[in-house]
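Reader: I am new to this structure and would be grateful for a close look at a single part of it. Please begin with one residue and its surroundings, and then set that part in the context of the chain.

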Amino acid sequence: MSQTATPTRSVSRVASRIALPAQDEDVAALRRNIVAKLTYSVGRDPIIASERDWFIATALAVRDHIVERWVPASRDAYLQSRKRVYYLSLEFLLGRLLYDSLNNLSIAEPVIEALAELGVDFASLRGVEPDAALGNGGLGRLAACYLDSMAALAIPAHGYGIRYDNGLFRQVIRNGWQQEYPENWLSFGNPWEFARPDISQSVGFGGSVEPATGPDGTRRAIWHPEETVVAVAYDTPVVGWRGKHVNTLRLWSARAPDPLALEAFNRGDHVGALAASARANAISQILYPSDETPAGQELRLRQEYFFSSASLQNLLYRHVRQYGHVRNLAEQCAIQLNDTHPTIAVPEMMRLLIDVHGLGWDEAWNITTNTFCYTNHTLLPEALESWPVPLMERLLPRHMQIIYQINGIHLDTMVASGRPDMPALDEVSLIDEHAGRRVRMGALAFLGSHRVNGVSALHTELMRTTVFAPFNRLFPDRIVNVTNGISFRRWLFDANPGLTQELAEAVGPEVFDDPTALEKLASLAEDTGLHQRLMEIRRNNKMRLGQVVADRLNITLNPDALFDVHIKRIHEYKRQLLNILETIALYNAMRAQPTRDWVPRVKIFAGKAAASYHRAKLIIKLINDVARVVNDDPALRNRLKVVFLPDYNVSLAETIIPAADLSEQISTAGMEASGTGNMKLALNGALTIGTLDGANIEIRDRVGSRNMFLFGLTAAEVEERRSGGTRPHDVIAANATLREVLDAIGSGVFSPDDPGRFTPLIDDLHQNDRFFVTADFASYAAAQRDVAELWRNRSAWWRASVLNTAHVGWFSSDRSVREYATEIWNVPLRE
């Protein structure tokens, strides 16, 4: 099969397998609708319309098709009193929506044909759409995949989050350093969303709490906020597979109740008159503002409470409008907390049920705990979040009262039980008294939820035995596992149409509706004809990625080289540092043995470091400094290239992943909760080099260790070494290759303008190395030699690639959401 088709032709072929046959009248109707949108909604003459104008017109026409399904789906859920799921997440990394929506609606082929008749190239149009800057990494992308799967499974659901005006940040690399700029993705508007100025919620901050007595004589509290911010709703419909169901993503934008203090303005204080508006608007400006300052910490807490409060007020309003009261909330609603960020929703729900809806404490707590569920995504203490008690008391005084009461009842109940196996009170208190008084948000989420889940088998077991061990002793049945999953529609059908077409021909069209149908591919693992076709597909994907690299970095890549890919958030535990150290070792070996038959290799890095994470930003600088030296060295004869692609996002991932040969999943064992990049890359046929961490273990269980490159310490061995002392200096002294690499970095080989630039990295590896880079270096280097050896045996490599794709059907987000629905949310599934 030839794979030299243009992207549009390749997309169209896949679309034709997914969609019903396009009728001439369908194409004509779509063409007329697109032109109408261009004329009457965009206000452009087709003769002078730009690609952006055509994109907006096409998106609006497609949105009409979604709305035709959205309204009946919402009405059906209401009339049948179906249980709803509310998914609260600080991130939703949606990516581009045009092609995804076309595929899910099964109208990609007629739309592409209609545009072609109008002289518009779909591939170019697709590239005009900006990525929605609503997330950072795996957490936000997982939320987007789960929204997709909830719609595909016809589960009535709302996603709730923040409509960030400027996203996380736009990453620019200047002289090898990461620089951050606003990600102005909304500059030209967002054709997928519906502004809902009529749907708003008031969110309070600060002030005082007044004790009061209710009509029935019970003690009540009246909160008098000092400041009020208005949350305004923006709705994006999320269409499921085959267009069978549509759900809603509701994002909140922050506004001041009065955008202008007119009296101050008229006094001449023109800047001061806008102060309240600027303070409110800051809440929805950017994702994860730096928390290095007290003001930054306060803004993060304000963000979390802002969207949690607005979402709960909104869903309670919807519930009361339908049922007339809140007492059956747990039977009709499930609220999923996606990590600890929305945990403040637990005391906020108590406040709303008690102070607004008049329930007693016990009934309110029963409803709250039976409604909330909590997904933990990390074992890192800093990611579990804790807030200084003084900040909480000042910013959310009523909530601190509720937290104190939750904590008091919890500790009193524990003491009264008299159980001999009770943990110490300070281990399970919601207030950490050890390093300044702080509210433990992870513990609050645990207590306030009836189910707490990890996201891989290893991660869930570590939750039970480490960070939540004391709580697990108190509530041994509360922690469950739901291993993460990915949307095959996004990460196979949309991202890799060439491979999708080949799979449909190899195993049948059922692959579009049933990911487990991929298992049939295993019987073809030895088929050399299939290998050849897959190699052609991969090579074309590499050429497409190579064009992106050439355009952005002016670096030419060899599409026949091994593409070794490490794409994820830059963090020390994800160990991009380990990768670049081994890359330097390979560089040194190539220079020392220039006549050896080296496997040509391209090392591809991409990812953002948090703006205040200086060590991670230094690692980015090291990667770029190494890339500059390696790529300019004529002695290598282009057998090694190192590239760092800036501004990593979903669309860039959709270009990199189909081109990958090797998937770097090399986190310190026990520190990666699950990972989903490992699943996306394996689905597309990349072989994994990785530690026994997160979902790597479950991928190994299904794919087989012979079809991966596993290395390094296990989680148990990491803990054992951490307890006994790491002794990295001894490890370095015993490994001449590693010593040579560190000496080269430390002496300024890669930073002649500043020889001491990377001293903090080198010193940490010698003295501390809490992420066990030195301990795993030798094992990682040996695994990389195994990679090169297998690459030379092309039939063996492609056999392993086929088996990776064949055996990862279980990692579909549809499977994950089914498990949430049946084991956590108690939501009936429609057949």
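Author: Leaving aside residues up to four places away in sequence, Ser81 touches Gln322, Tyr323 and Gln332. The model in which these contacts appear is a predicted one. Ser81 itself lies in the loop between α3 and β1, the latter spanning residues 84-88. Its relative accessibility is 33%, and Ser81 therefore counts as partly exposed, a class that lies between the buried limit of 20% and the exposed limit of 50%.

The backbone at this position deserves attention. Most residues other than glycine have a negative phi. Ser81 is not a glycine, yet its phi is positive, at about 50 degrees. As for distance, Ser81 and Ile406 are separated by 325 residues in sequence and by 32 Å in space, C-alpha to C-alpha.

A second residue may be set beside Ser81. Asp647 also has a positive phi without being a glycine, with a value near 60 degrees. Asp647, too, is found in a loop, here between β19 (640-645) and α26 (650-656). Is Asp647 buried or exposed? With a relative accessibility of 17%, Asp647 counts as buried, because the limit for that class is 20%.

The helix that precedes the loop of Ser81 leads into the interior. Helix α3 covers residues 51-79 and gives the most to the largest nonpolar core, with 10 residues. That core has 154 residues, and those with the most contacts inside it are Met150, Phe205, Phe306 and Trp825. Phe205 may serve as an example of the packing: among the residues it touches, beyond those up to four places away in sequence, are Trp223, Pro225, Val229, Ile283, Tyr305, Phe306, Leu395 and Leu396. The contacts of Phe205 also include the charged residues Glu226, Glu227 and Arg302. Separate from this is a second core of 115 residues, which includes Trp241, Trp491, Ile537 and Phe605.

Another helix shows how buried residues meet several elements. In α28, residues 696-703, the buried residues are Asn696, Ile697, Glu698, Ile699 and Val703. They pack against the helices α19 (457-465), α27 (677-683) and α34 (794-806), and against the strands β16 (479-481), β20 (662-665) and β21 (687-690). After α28 comes Gly704, with a positive phi near 100 degrees.

These parts belong to a chain with 35 helices and 22 strands. Of its 831 residues, 61% count as buried. A compact globule with that number of residues would have a radius of gyration near 28 Å, and the 27 Å of the chain agrees with this. Its C-alpha atoms fill a box of roughly 90 × 75 × 65 Å along the principal axes. Among contacts between residues at least 6 apart in sequence, 77% join residues at least 24 apart.

The surface and the charges complete the account. The chain exposes about 31,200 Å², of which carbon and sulfur atoms supply 51%. There are 87 positive and 97 negative side chains, and the centres of the two sets lie 2 Å apart.

Definitions and conventions. Residues numbered from 1 in each chain as written. Predicted model: local features only at pLDDT ≥ 70, side-chain atom pairs only at ≥ 80, totals over all residues. Heavy atoms only, no water. Helix = DSSP H or I, 4+ residues; strand = E, 2+ residues; numbered from the N terminus. Rg over C-alpha atoms; globule rule 2.2 N^0.38 Å. Buried < 20%, exposed > 50% of the residue type's maximum accessible area, 1.4 Å probe, protein only. Contact = heavy atoms within 4.5 Å. Areas by Shrake-Rupley, 256 points an atom, 1.4 Å probe, with all protein chains shown as cover. Charge placed at Lys NZ, Arg CZ, Asp CG, Glu CD. Core = buried A, V, L, I, M, F, W, Y, C linked by side-chain atoms within 4.5 Å.
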